[in-house]
Amino acid sequence: MIVDVASALYAFFSGFGIPTYTTNNVPETAVLPYLTYDFTVSKTLASTPLGARLWWEGTLPAALFEKADEIGARIGTGIQLPCGNGYLWMYKGEPFVQAIADEDERISTLYLNIIASFDLN
């Protein structure tokens, strides 16, 4: 089951044309821009927060916001991802997008608030 969730989440988040890593697993050789996401698994029929972050070079460049819009559009009012013998639903949390400060002023980061609901068999 956990392998299925990992595969479904990676397939979704890696589909936006930039390198994708799970949170805290970014290689030192990673080059901006990239996306990180939290890997969480919850029990069946439960919902859990699932954050993602977009990391970009520059002071809030337009491309950063465009990528957040692209992800938000794909999620829409909810997206169902096949996952093993079941599925997981992803919804936009509220607020969906938040700018967060980085220690390095040359890096801009947006946090995407996503909720995942699991129906895993």
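1. Start with the hairpin: strand 4 and strand 5 form one with two residues between them, and Gly 84 in the turn has a positive phi of about 60 degrees. Strands here are DSSP runs (E, at least two residues) and helices are too (H or I, at least four), numbered from the N terminus.

2. A word on the source: this is a predicted model, where local features need pLDDT of at least 70, side-chain atom pairs count only at pLDDT 80 or more, and totals for chains, interfaces and linings use all residues. Residues are numbered from 1 along each chain as its sequence is written, and side-chain values use heavy atoms, with hydrogens and water left out.

3. Back to the hairpin. Strand 4 (residues 79-83) and strand 5 (residues 86-100) run antiparallel, joined by five bridges; strands pair if DSSP finds at least two bridges between them. Leu 81 has Leu 88 in strand 5 as its bridge partner.

4. Which residues of strand 4 are on its covered face, and which on the uncovered one? Ile 79, Leu 81 and Cys 83 make up the covered face, while Gln 80 and Pro 82 are on the uncovered one. In a regular strand, side chains alternate between the two faces of the sheet.

5. Now the aromatics. The structure holds seven aromatic pairs, meaning rings of Phe, Tyr and Trp (its six-membered ring) with centres within 6.5 Å; planes under 30 degrees apart are stacked, over 60 edge-to-face, the rest tilted. Phe 12 and Phe 13 are an edge-to-face pair, at 5.1 Å centre to centre and 80 degrees between the planes. Phe 13 and Tyr 37 have their ring centres 4.7 Å apart and planes at 15 degrees, so this pair is stacked. That second pair links distant parts of the chain, with Phe 13 in helix 1 (residues 2-13) and Tyr 37 in strand 2, 24 residues apart.

6. Phe 12, Phe 13, Phe 16 and Tyr 37 form one aromatic cluster. Phe 12 and Phe 13 are both buried, and so is Tyr 37; buried means under 20% relative accessible area, exposed over 50%, partly exposed in between (1.4 Å probe, protein chains only).

7. Phe 39 is another story. Found in the loop between strand 2 (34-37) and strand 3 (47-57), Phe 39 counts as partly exposed at 35% relative accessibility.

8. One last ring: the charged end of Lys 92 sits over Phe 96, 5.6 Å from the ring centre. The cut-offs for this are NZ of Lys or CZ of Arg within 6 Å of the ring centre and within 35 degrees of the ring normal.
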